[in-house]
Number of protein chains: 2
Amino acid sequence: MATIGDVAKYAGVSRSTVSHALSGKRPISLETRQRISEAIVALQYTANAGAKALATSKTSTLGLIVPYTPAEFAPARMQYVMIVSETARELGFDVLMVTDFDGRAGIKRVTDSSRVDGVILLNVTRHDERIGSVLAAAKPGVLIGLADDNAALDSVDLDFAAAGRSMVRHLAERGHRRVIFVTLPTEMFLQDLGYVWRLHESVIDEAQTAGLALTVVHDAADPKDRMRVLAGALDATPDATALLVHSVGALIDLPVLLSQRRISVPRDLSVVGLFGDEFGAMFALPYTAVEPSPEVVVSRAVHLVAERIEDPSRPVVQELLAPLMVDRGSTREV
Amino acid sequence: MATIGDVAKYAGVSRSTVSHALSGKRPISLETRQRISEAIVALQYTANAGAKALATSKTSTLGLIVPYTPAEFAPARMQYVMIVSETARELGFDVLMVTDFDGRAGIKRVTDSSRVDGVILLNVTRHDERIGSVLAAAKPGVLIGLADDNAALDSVDLDFAAAGRSMVRHLAERGHRRVIFVTLPTEMFLQDLGYVWRLHESVIDEAQTAGLALTVVHDAADPKDRMRVLAGALDATPDATALLVHSVGALIDLPVLLSQRRISVPRDLSVVGLFGDEFGAMFALPYTAVEPSPEVVVSRAVHLVAERIEDPSRPVVQELLAPLMVDRGSTREV
DNA sequence: CTGAAAGCGCTTACAG
DNA sequence: CTGAAAGCGCTTACAG
């Protein structure tokens, strides 16, 4: 690999001139600049990242802390990872994936060794131990999700409370009075993920406000049991006119179950859920849904951490994204 | 952050002694070693990764080149990424995710700047342009998948040809003579992914050998059309006694369609497919299937690139993993 | 507008 | 068993 010294020699200038030509941090005569350009092309020069990081204390790398949460629905995760990576690239960063079983250890490792300029925490829980590690590292960090004690770090998330309310109101406005709420498996509540609770509570709360009778059913954690749980819920509440579904597993099974029972949507039953367009397309889900908009949430998070790397003193922000509802005609007036 | 100099001062030794104590590359007296250990703990010392990389020309980082292939079924991808990351960690490497739209540019970027010691190529195609980039970079690289011209790089993959043959034989042995082969969308064939062709061709080939009449149906690329394609295939070949399914989308839709038509498996129809245990569990797929074993394939790939980083002169290997079939009782004798 | 030199934090011959 | 010094490839005051 050619070094900056090789380029300097080839162009007949000093290394500092090459460096400045590259960074644009001081004026370089046109002629010199051209000679340097030629040298760079001729020698195929690319700056050594390690040397640059050593000299500047900047790595141009973001650590993506992916927690180990087997119970969660894995497929959706890839989308988040891809968006982080793509946004990071647009902002000039590379992404180091940190999937350590112990997220705290992972954060400590990549920050202590100065491998990253900042970290992005995926799947934040309400009492997320990783927040302390980010604070201890004294590096910029952003939470994708809301923690109870997140005053110290920037965070972004979908406004799941608003999402829950809008789903309930959507049904209430159409005259539904008895609704089955298929919420997430209890295992996921135990994982303390903020959005799980926020959506759950807002649905229950808004149902009360709207005078809507809610039958709450936790989806099964084990896919084998899912269908039975779902069927049981329908059996137990025959007078329900609508389903409000948060569980992704239930959403996938629903078409099968409804077809088995010859239940037509929305004629016999209205359905509203929470899932992304891309996900819905993949499984051909024909249901009206609140859109979690990962591209917006995640891209915003990456921008926030990049901004904070630029300016560590910027006030902490907490952003909640207003959810959009996509009407696919799976709900009707009753 | 404490530096090696701080540790040396604290322990009352030279920096080189600390460095050697850390690497174990020369004998250090017990007493000195202890003082150094204490200093490291007291100062919370962790070596600066950039400085280390600069001094040793080793980054302890692997580049994971994730291609941009929207047509492919995304959820499965995350599993591969996670296994790469976990295996890399076990071997002492971090993972840099490279998701550039142009994989070649991504490889050039991370290798030219010496950000990685080697690269792992996901979703290799038969004529993969990225191979040239790895060769040009003169860094170790491993292919997950088989390319036509892969004599120069290590590669690992499931033996998809064997997988195809074993599925056909499984049905042939049970007396099936007319089978519908639901293969991948034509879009995926155009993407030139090696495994797509290898499986396809081996199924057709083995069917001929086994005297099995095959109706080949390409699954729809658009999920909206999937169900119709699948239904059309059943209608067009009413005398088929079995389904051989490669398309993941078709696998997901199959339970719905069969339940709609009151077709019972394996009583009315035998089904064999190609999908992983984890994936099958997530969608509660009750079908006998060849197991793609991503954990084995991917972990092997990471080991191979790590070995080659250690010893660049090792002969190139190409490993094909024999597929396992998991019998879930979805096929019967006819 | 340009260059010589110090420094970032490591490792590793070299010398003892 | 240990240390002083050079070097990895950059950037950036400092000086002109």
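User: Let's start with the surface near DNA strand D. How do its residues divide by class?

Analyst: Keep in mind that this is a predicted model. The idea is to sort the residues around the strand by the kind of side chain they carry. Here the surface near DNA strand D has 12 polar, 11 nonpolar and six charged residues.

User: Which residues come nearest to DNA strand D?

Analyst: Of the 29 residues around that strand, A:Ile4, A:Ser19, B:Arg26, B:Pro27 and B:Thr32 come nearest. On the DNA side, sugar and phosphate account for 59% of the strand D atoms that come within 4 Å of the protein.

User: And which elements supply that surface?

Analyst: Look for helices from both chains. Helix 2 (15-23) and helix 4 (49-56) of chain A, along with helix 2 (15-23) and helix 4 of chain B, each supply at least two residues. Helix 4 of chain A gives the most, with five residues.

User: How do I read a single contact with DNA strand D? Say, what part of B:Arg26 is 2.6 Å from a base oxygen?

Analyst: Ask two things each time: which part of the residue, and which part of the DNA. For B:Arg26, an N or O atom in the side chain sits 2.6 Å from a base oxygen of DNA strand D. Now try A:Ile4: a polar backbone atom of that residue is 2.6 Å from a phosphate oxygen of strand D. B:Ser14 also uses a polar backbone atom, 3.0 Å from a phosphate oxygen of that strand.

User: Now the other strand. Which residues are closest to DNA strand C?

Analyst: Among the 29 residues that surround DNA strand C, the closest are A:Arg26, A:Pro27, A:Thr32, B:Ile4 and B:Ser19. Of the strand C atoms within 4 Å of the protein, 59% belong to sugar or phosphate, and the rest belong to bases.

User: What do some individual contacts look like there?

Analyst: Use the two-part reading again. The side chain of B:Ser19 has an N or O atom 2.6 Å from a phosphate oxygen of DNA strand C. B:Tyr45 places a polar side-chain atom 3.0 Å from a sugar or linking oxygen of the strand. With B:Ala51, a backbone N or O atom lies 3.4 Å from a base nitrogen of strand C. As for elements, helix 2 and helix 4 of chain A and helix 2 and helix 4 of chain B give two or more residues to this surface. Helix 4 of chain B gives the most, with five residues.

User: Let's move to the protein interface. How much area is buried between chain B and chain A?

Analyst: The size of an interface is often given as the accessible area lost when the parts come together. For chain B and chain A that is about 4400 Å², with carbon and sulfur atoms giving 60%. In chain B, B:Met78, B:Met97 and B:Met282 lose the most area to chain A, together 14% of what that side buries. Counting by contact, 48 residues of chain B meet 48 residues of chain A.

User: How many salt bridges cross the interface of chain B and chain A?

Analyst: The rule finds four. B:Asp94 forms a salt bridge with A:Arg115, with the closest N and O atoms 3.4 Å apart. There are also 19 residue pairs in polar contact across this interface. Helix 5 of chain B gives the most to the side of chain B that touches chain A, with eight residues. That side has 24 nonpolar, 13 polar and 11 charged residues.

User: How do strand 2 of chain A and strand 2 of chain B run, parallel or antiparallel?

Analyst: To read strand pairing, look at the direction and at the bridge partners. These two run antiparallel and are joined by three bridges. One partner pair is A:Met97 with B:Val95.

User: Which parts does the salt bridge of A:Arg314 and A:Asp154 tie together?

Analyst: First, the pair itself: the two side chains meet at 3.2 Å, N to O. A:Arg314 lies in the loop between helix 14 (294-310) and strand 11 (318-321) of chain A, and A:Asp154 in strand 5 (residues 154-158) of chain A, so the pair ties together parts that are 160 residues apart in sequence.

User: Where is there a cis peptide bond in chain A?

Analyst: Most residues other than glycine have a negative phi, and most peptide bonds are trans. In chain A, a cis bond joins A:Val265 and A:Pro266, with omega about 5 degrees. A:Pro266 is found in the loop between helix 12 (248-260) and strand 9 (270-274) of chain A. A:Arg262 lies in the loop between those two elements as well, and its phi is positive, near 55 degrees. In chain B, B:Val265 and B:Pro266 are joined by a cis peptide bond, with omega about 5 degrees.

How values were computed
Residues numbered from 1 in each chain as written. Chains lettered and ligands numbered in written order. Predicted model: local features only at pLDDT ≥ 70, side-chain atom pairs only at ≥ 80, totals over all residues. Heavy atoms only, no water. Contact = heavy atoms within 4.5 Å. Buried area = accessible area lost by both parts, 1.4 Å probe. Polar contact = N/O pair within 3.5 Å; in protein donor to acceptor, adjacent residues only side chain to side chain. Helix = DSSP H or I, 4+ residues; strand = E, 2+ residues; numbered from the N terminus. Nonpolar A, V, L, I, M, F, W, Y, C, P; charged D, E, K, R; others polar. Pairing = 2+ DSSP bridges. Near = heavy atom within 4 Å.
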